[in-house]
Number of protein chains: 4
Amino acid sequence: MKAAVLTAVRSPLEFKELSTPEPGPGQVRLRMQASGLCGTDLHVIHGTFPVPLPIVLGHEPVGVVEKLGAGVNMLKTGDHVGVCWNQSGCGRCDYCQRQHVKYCKSARSWVQNGGGNSEFMIAEAAGCTLLPENLSWENAAPIFCAGFTVMSGYRNARPRPGDRVAVVGIGGLGHLALQIAKALGHDTIAITGSANKRDEAKAMGADDVLVIKEHAGKELMAMGGADIVLSTSNNMTHNTQLIEGLRNEGRLVTMAVSGDKIELDPMQMLAHQLSVIGSMQNNREDLVEILQLVAQGKVKPKLELYGFKEINTAVERLEAGKIRHRAVVLHNR
Amino acid sequence: MKAAVLTAVRSPLEFKELSTPEPGPGQVRLRMQASGLCGTDLHVIHGTFPVPLPIVLGHEPVGVVEKLGAGVNMLKTGDHVGVCWNQSGCGRCDYCQRQHVKYCKSARSWVQNGGGNSEFMIAEAAGCTLLPENLSWENAAPIFCAGFTVMSGYRNARPRPGDRVAVVGIGGLGHLALQIAKALGHDTIAITGSANKRDEAKAMGADDVLVIKEHAGKELMAMGGADIVLSTSNNMTHNTQLIEGLRNEGRLVTMAVSGDKIELDPMQMLAHQLSVIGSMQNNREDLVEILQLVAQGKVKPKLELYGFKEINTAVERLEAGKIRHRAVVLHNR
Amino acid sequence: MKAAVLTAVRSPLEFKELSTPEPGPGQVRLRMQASGLCGTDLHVIHGTFPVPLPIVLGHEPVGVVEKLGAGVNMLKTGDHVGVCWNQSGCGRCDYCQRQHVKYCKSARSWVQNGGGNSEFMIAEAAGCTLLPENLSWENAAPIFCAGFTVMSGYRNARPRPGDRVAVVGIGGLGHLALQIAKALGHDTIAITGSANKRDEAKAMGADDVLVIKEHAGKELMAMGGADIVLSTSNNMTHNTQLIEGLRNEGRLVTMAVSGDKIELDPMQMLAHQLSVIGSMQNNREDLVEILQLVAQGKVKPKLELYGFKEINTAVERLEAGKIRHRAVVLHNR
Amino acid sequence: MKAAVLTAVRSPLEFKELSTPEPGPGQVRLRMQASGLCGTDLHVIHGTFPVPLPIVLGHEPVGVVEKLGAGVNMLKTGDHVGVCWNQSGCGRCDYCQRQHVKYCKSARSWVQNGGGNSEFMIAEAAGCTLLPENLSWENAAPIFCAGFTVMSGYRNARPRPGDRVAVVGIGGLGHLALQIAKALGHDTIAITGSANKRDEAKAMGADDVLVIKEHAGKELMAMGGADIVLSTSNNMTHNTQLIEGLRNEGRLVTMAVSGDKIELDPMQMLAHQLSVIGSMQNNREDLVEILQLVAQGKVKPKLELYGFKEINTAVERLEAGKIRHRAVVLHNR
């Protein structure tokens, strides 16, 4: 099969012909249709998120179930599915026994099974989620990491109808978070460092837009503050400042990774009873919820589409910070 | 294999030699060690809960994994496991996709796979839960239905530390619910129609005992009321009355089945902002929690033990209402 | 002062000249501007909700603070306020000490202080809530009972963004509940027995309308079911049926009073983990929230306006069931 | 009246004869019985928490209602009460209107009214809470700030029965927090920098004690971790470290004030879905709850008692860090 392979750190993906993989017990083989790219791919390519090489990347993959491994009885050939990062836990640890698979330390992902930047991929059957009808391959792909992450971030904020929701970082994750908050009835405010994202944020449903000048938090409070800040930004200075933009009992949800720290002022935290909440992907309920919001047209991923052979162009643009929202590789383009 | 088979409604179980079953894909074969009996078995035997006959009953089964079906990669032979009622969902419906398997309308259980009143049984691997160490077979068995049910009922009550918890019906389910509430720090009150259960309720951790005379609710309120009533009783007159024993914002959780109705007085419900909550088994988190409470000795099932050949004696005593708490069949006794 | 006085059960209100009342300690005198009428007034007039006679009714009163009693330091003359039913607790019972004044058994209301159907009224300062700017007297009045009640009912349902909300009874309370649910982002369904309310329900924000034919619950489920049913209906047959229209983990909130009962089928309650929740007015947070929704134009009371002298006409139409939503008396009309 | 007056920063309190104050509208005069001292008093004395001088300190005061100001109708002379910090809000701001008085920026406290280190004090009637029977003056006093603060911290942690609760800092606040957690059924772990607090922590109900050596968080995790860390410590290095001792979905509640910061590692926060929550005193429900726990003997303040004339000795020992738990001045000693 054709595959785009990372053979060495900081080198372009190489197009190789690999042998077509066979699904093991509990696994399926998918014929890939689309695969999203995100910042984590860059961490892998740069070696800051080390994985064994060579490897096929692609952790937002969608495709058609083509072959069932032994014991798979919940999927059928022909099923349209996507695969999330944590495909299955070990099934034996305390977290798995409690069905908190997200915390399993031996969970299987694309790192063990190979990702979606290839003609076929292997996935744990337990890691596949059926796509709703009326959902295009390209719109589905970025939901399996970016969309899932922000839907969980939103739910982990314990949103209350009527809450004002701010979203920081209107990129791959944030543009989805913003639309989720709007679709579910909130007054929204998009927070960005880029003045040129103002109009598109409005078009995506932001009731207000804050373009950060000096102190994101003070500026947010000057615009009325927020009950919830969903932060997809890895700028920890901004995240630290934004705590000052929270209303009483407000919650800042942090979803991004960084070597920097968020700093909390104890007095400020207690005087307003604020919370800072770390968030990753929850169970599949959140994934299905956002898949349906996209299928219903209430959340619309903004995409740049690339053919499979153009994948290095996509990676280059991602490195250059030129992809405003999300790049998706279409295998049949 | 030896099996106790229900061949006709309202007849004793027949001891038969059946062919040893083979686990299909995703299934395992267990060598049975113990199996609990409960009121639902009587409903099956009486035909009021109709199932296809002949059938092997036993929905509180624990045993040793002996053989793995195709694709099973999370269990090992030799594992000590128990099996809950809902062993696995269809994996495809909206509930299963959201990991709300408890609502799947095509879930597989002992009804399809056969129960634990036999030398071996087949279970979905997904329906097996590993037993904690230091948990005896007999103590484990009744947790897989009775214990799981009441642990979920307790959690569905949204208990707040400091809440006073009443438990109605100090039988197979209730005696576990009472101990759970006590183990987790609540002030408890056992409610029973049987004056002769007073002492044992105290011994199991009841801070107070109410023996119902005329009106369970008024009598409960006279003793200070409860924030939570966990009802394992199928006496809907008592359940209706007990709403009157709830403190403001109190919650009555109903776990039992009956053809009768609970009647709500709208004025009473609103004046005190009361809730009535229906509850069945949640996800496995609750099951693991109570398994650990039992393994730690904080909850102690009270059991009558029977040898496999004595199973009809156990059924007869169950029918006669003579089993105070729980009957468990030990296969190797 | 001029007052409309109920002097005997089941007789018209009499216009009398009463001496202008003086505010006692902790009280204020208001110059009335508007006063809403509701079904509870009929219960008082009919004697089914007995109060000492003669009495001035009017428990949805708004007006201008004209005189302060001793010790009042949080209101000023000239303030525009409304007064809710429970004006202040005893301040001494366990509920009051915990600031759960809604449960105080000695709370003061219009029954002790006299209501708003008069030129002036006395209110506890603690029972007055400042009106937001840009809120007309007539729009404010019905919020102090009808609006407050349904806002609390909505909050007591523990609404989750994304929940589908059904409202039963599109009258004085329900037409506000429907608009609240819509304003806060829910998909809504209005449920009514009156086919002729279909269009106005749509106009008020109902995404769907169910006109009950035979079984409200089965018909609701046929339209997809609801996560929340907010029932303002005193038809307990409908309320009983509607439990069958709840989705898994759904909640029916009952806000109306009736001599009839809601009947719960235990099997149905547990199989879908349903809750029935009684609800009355919570603390003032809910009141302020809906006042602001009305001031922002997101919720628009539908009113019939009457001059003070026309109050008996309003009562007659209320008795005849002719007032579709809410009648408000304007004192200066 | 006799009063201990702070006349200048960093000077001893002076015993003066002041004129006996008269309660204004909505206020009462108390004859003081006891008054607790805490670290905040030092901040005032040192000028790091600036207040207008001269002033009478004492923000944990209990006494007998002796005289009612105008309009006070919920207290009686002879009532035994305590007074919390935030005695009443302005009554007019958005927070007050919503009964979120804790956030009122114009709230009245001992800073305006004078504190309890005097023969009499003036308090807002709204700021007084009746003492349960069977509660001694000395045990009641420290509940009005220390106890209230930690009870709210505990509730703000959203404790779930079964959670393991760690308490950091076993001083004035922490020794109460530890007992609360134990009384309400949790497995507890006391965390302290002082090896010599080990035994008394055990005696107060700690199931385990961690004496910090190098890294509080790693050491806590080595002991099994905690679901909740209630931090009464103003050592922000410890608080930062302790985040690493949280189990999945754990919550660290910070109640202390410091010029230092808590630092959050975004990766750690998200991988375990952790929360850091700022907490101050909530509404009175929490205060009443802990008053009752103390009255029931479930929480026992550990006190050093001083006569009124000995107050400067107490302050000196406080400054020297010699008061292990709480100092209380008894006015009639």
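In this predicted model, a good place to begin is Tyr103(D), which counts as buried because its relative accessibility is 6%, below the 20% limit for that class. Its ring partner is Tyr95(D): the two centres lie 6.0 Å apart with the planes at 65°, so the pair is edge-to-face. Tyr95(D), by contrast, counts as partly exposed, at 28% relative accessibility.

This pair belongs to a wider set, as the structure holds 16 aromatic pairs over all chains. Another of them joins Phe49(D) and Trp85(D), a tilted pair with 5.9 Å from centre to centre and 40° between the planes. Here the two rings come from distant parts of the chain, 36 residues apart. Phe49(D) sits in the loop between helix 1 (39-46) and strand 4 (55-56) of chain D, while Trp85(D) sits in the loop between strand 6 (80-83) and helix 2 (94-97) of chain D. Phe49(D) is partly exposed at 29% relative accessibility, and Trp85(D) is partly exposed too, with a relative accessible area of 22%. In chain A, ring pairs link Phe49(A), Trp85(A) and Trp110(A) into a cluster.

Aromatic rings also meet charged side chains. Lys309(A) lies over the face of Phe15(A), 4.4 Å from the ring centre. In chain C, the charged end of Arg29(C) is placed over the ring of Phe120(C), at 5.4 Å from its centre.

Turning to the helices, helix 5 (residues 146-156) of chain D is largely enclosed by the rest of the structure, because 11 of its 11 residues are buried. Among these buried residues are Phe148(D), Val150(D), Met151(D) and Tyr154(D), and also Arg155(D) and Asn156(D). The cover over them includes two helices of chain D, helix 6 (174-183) and helix 11 (284-295). Strands of chain D contribute as well, including strand 12 (226-231), strand 13 (246-254), strand 15 (275-278) and strand 17 (326-330). Just after helix 5 of chain D, Arg158(D) adopts a positive phi of about 50°.

The strands offer a view across chains. An open sheet of 12 strands with mixed pairing runs in the order 11(B)-10(B)-9(B)-12(B)-13(B)-15(B)-15(C)-13(C)-12(C)-9(C)-10(C)-11(C). Strand 11 (208-211) of chain B and strand 11 (208-211) of chain C stand at the edges; each has a single partner strand, so one side of each is left without a neighbour in the sheet. On average, and with direction ignored, neighbouring strands of this sheet are turned by 20° against each other. Within chain B, strand 9 (residues 164-168) and strand 10 (residues 187-192) run parallel and are joined by five bridges. Val167(B), for instance, has Ala190(B) in strand 10 of chain B as its bridge partner.

Chain C also has an open sheet of three strands, in the order 2-1-4 and with antiparallel pairing. Its edge strands, strand 2 (14-17) and strand 4 (55-56) of chain C, each pair on one side only. Four bridges connect strand 1 (residues 2-6) of chain C to strand 2 of chain C in the antiparallel sense, and Lys2(C) stands opposite Glu17(C) in strand 2.

Finally, chains B and D meet through 11 residues of chain B in contact with 11 residues of chain D. The area buried between chain B and chain D is about 870 Å², and carbon and sulfur atoms give 45% of it. Arg155(B), Arg160(B) and Pro161(B) supply 58% of the area that chain B buries against chain D, more than any other three residues.

Methods: Residues are numbered from 1 along each chain as its sequence is written. Chains are lettered from A and ligands numbered from 1 in the order in which they are written. This is a predicted model: local features need pLDDT of at least 70, side-chain atom pairs count only at pLDDT 80 or more; totals for chains, interfaces and linings use all residues. Side-chain values use heavy atoms; hydrogens and water are left out. Rings of Phe, Tyr and Trp (its six-membered ring) pair if their centres lie within 6.5 Å; planes under 30 degrees apart count as stacked, over 60 as edge-to-face and the rest as tilted. Buried means under 20% relative accessible area, exposed over 50%, partly exposed in between (1.4 Å probe, protein chains only). A charge sits over a ring if NZ of Lys or CZ of Arg is within 6 Å of the ring centre and within 35 degrees of the ring normal. Two strands pair if DSSP finds at least two bridges between them. Axes are lines fitted to C-alpha atoms, for helices over the stretch in contact, and angles run from 0 to 180 degrees between N-to-C directions. Contact means heavy atoms within 4.5 Å. Buried area is the accessible area (1.4 Å probe) that two parts lose on being put together, summed over both.
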